[in-house]
Amino acid sequence: MSANERPSGQQQTGRTAASATADSAFLRACRREPVSHTPVWFMRQAGRSLPEYLKVREGVAMLDSCMRPDLVTEITLQPVRRHHVDAAIYFSDIVVPLKAIGLDLDIKPGVGPVIENPVRTRADLDRLRPLDPDDVKYVTEAVGMLVGELGATPLIGFAGAPFTLASYLVEGGPSRNHERTKALMYGDPELWADLLDRLADITAAFLRVQIEAGASAVQLFDSWVGALAPADYRTHVMPASAKVFDAVAGYGVPRIHFGVGTGELLGLLGEAGADVVGVDWRVPLDEAARRVGPGKALQGNLDPAVLFAPRQAVEAKAREVLDAARGLEGHIFNLGHGVLPTTDPDALTRLVEYVHTHTAR
């Protein structure tokens, strides 16, 4: 498919496109229904690994690119055109809703999100006002444009989970050990609970905007929650994550939950309300299924670094993932974390083709 072509299904409109989307392999797998092939998409499939992304982002700051519907649409579509993945994921960043409510923050190249005035006291909570749909009109516009372009290809909505957002807010930026975050969580559990509860409301509002504009599924990213022990997750984090999932349950769209280093938390991630539990590369999918329990689909979980190996090695490791997924109630093939920036895009395209061909039934 050339860069100027639209994804498959573009000619379908109205109820026909909606029906085709609902019957897509990705959404069927999320619902644990039979599929014609194992669906594939990649976290961070849109981004620095693609030369076309680097070209359209020239001279445009990250947060600015997230607030321009034309750029969001183009960037989200790029990996669908190139790789023929089974789902698109809305191009954004986890701090976008925080920026939208007026927090002074920026995404610094090579560093990540940086918060000018960290949130560490009860008075700081006053800066976390509710998110109104009018704060993110560009999201509504971009999702509408994407749904029109994608046709039968589902669009996944995107948001950061309360714990990971809180970690950035409390630390003031990325952190290796989350010292200040854990100190607040243990030292003032009431303030911590109020902080996460407020972030849960903001996150839920951000996801609702995307769903109401046409997103077919949503994924909640809890990038840093693997830093916690299961007992701490259950006590200090799960209530807020569950609040987010409960807030969007009535829409009937699949809800995916993913965190890094969460092998010990997999059952709790599902218990929080996810329909699909994302698994990183550290736990085989058959073991992950045992930990999660019945009634959930799984997503994952090829090590992103495998893509730097020769093609035969990539396919061998992909077969291991697919073999471990046999017998699962539902499986979406993905990486165990995001696409690394220096990944060869052709390796991703070949991987999609391999999974589709190997699992055709």
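Here is a short chat about a predicted model, covering its salt bridges, a charged patch and some buried spots.

Visitor: How many salt bridges are there by the rule used here?
Guide: Let's start with the general idea. Side chains of opposite charge can pair when their charged atoms come close. For a pair to count, a side-chain nitrogen of Lys or Arg has to sit within 4 Å of a carboxyl oxygen of Asp or Glu. Go through the model with that rule and the count comes to 22 salt bridges.

Visitor: Is Glu 52, which pairs with Arg 82, buried or partly exposed?
Guide: The two side chains form a salt bridge, at 2.9 Å from N to O. The pair links distant parts of the chain, 30 residues apart, with Glu 52 in helix 3 and Arg 82 in helix 5. Buried would need under 20% relative accessible area. Glu 52 has 22%, so this residue counts as partly exposed.

Visitor: Which residues are joined into one network with Arg 31 and Glu 33?
Guide: Look at that pair to begin with: Glu 33 and Arg 31 meet in a salt bridge of 3.1 Å, N to O. Glu 33 is partly exposed at 30% relative accessibility, and Arg 31 is partly exposed too, at 34%. Asp 135 and Arg 129 form another salt bridge, their closest N and O atoms being 2.9 Å apart. Back at Arg 31 and Glu 33, salt bridges that share partners bring in Asp 23 and Arg 28.

Visitor: Which residues gather in the patch of negative charge on the surface?
Guide: Try Asp 106 in strand 2, which covers residues 105–108. Asp 106 has 38% relative accessibility, so it counts as partly exposed. A patch takes residues with over 30% relative accessible area and no salt bridge. The ones that gather here are Asp 64, Asp 104, Asp 106 and Glu 116.

Visitor: Why does Thr 359 count as buried?
Guide: Thr 359 lies in helix 16, residues 345–359. Leaving aside neighbours within four places in sequence, Thr 359 is in contact with Ser 36, His 37, Thr 38 and Leu 322. Buried means under 20% relative accessible area. Thr 359 is buried because its value is 8%.

Visitor: What do the buried residues of helix 12 pack against?
Guide: Helix 12 runs over residues 238–248, and its buried residues include Met 238, Val 244 and Phe 245. Ala 240, Ser 241, Ala 242 and Val 248 are also among them. Their packing partners are helix 8, helix 10, strand 5, helix 11, strand 6 and helix 13.

Terms used
Residues numbered from 1 in each chain as written. Predicted model: local features only at pLDDT ≥ 70, side-chain atom pairs only at ≥ 80, totals over all residues. Heavy atoms only, no water. Patch = residues over 30% accessible without salt bridge, like charges linked within 9 Å, V, L, I, M, F, W, Y side chains within 5 Å. Areas by Shrake-Rupley, 256 points an atom, 1.4 Å probe, with all protein chains shown as cover. Lys, Arg positive; Asp, Glu negative; His and termini not counted. Charge placed at Lys NZ, Arg CZ, Asp CG, Glu CD. Helix = DSSP H or I, 4+ residues; strand = E, 2+ residues; numbered from the N terminus. Buried < 20%, exposed > 50% of the residue type's maximum accessible area, 1.4 Å probe, protein only. Contact = heavy atoms within 4.5 Å.
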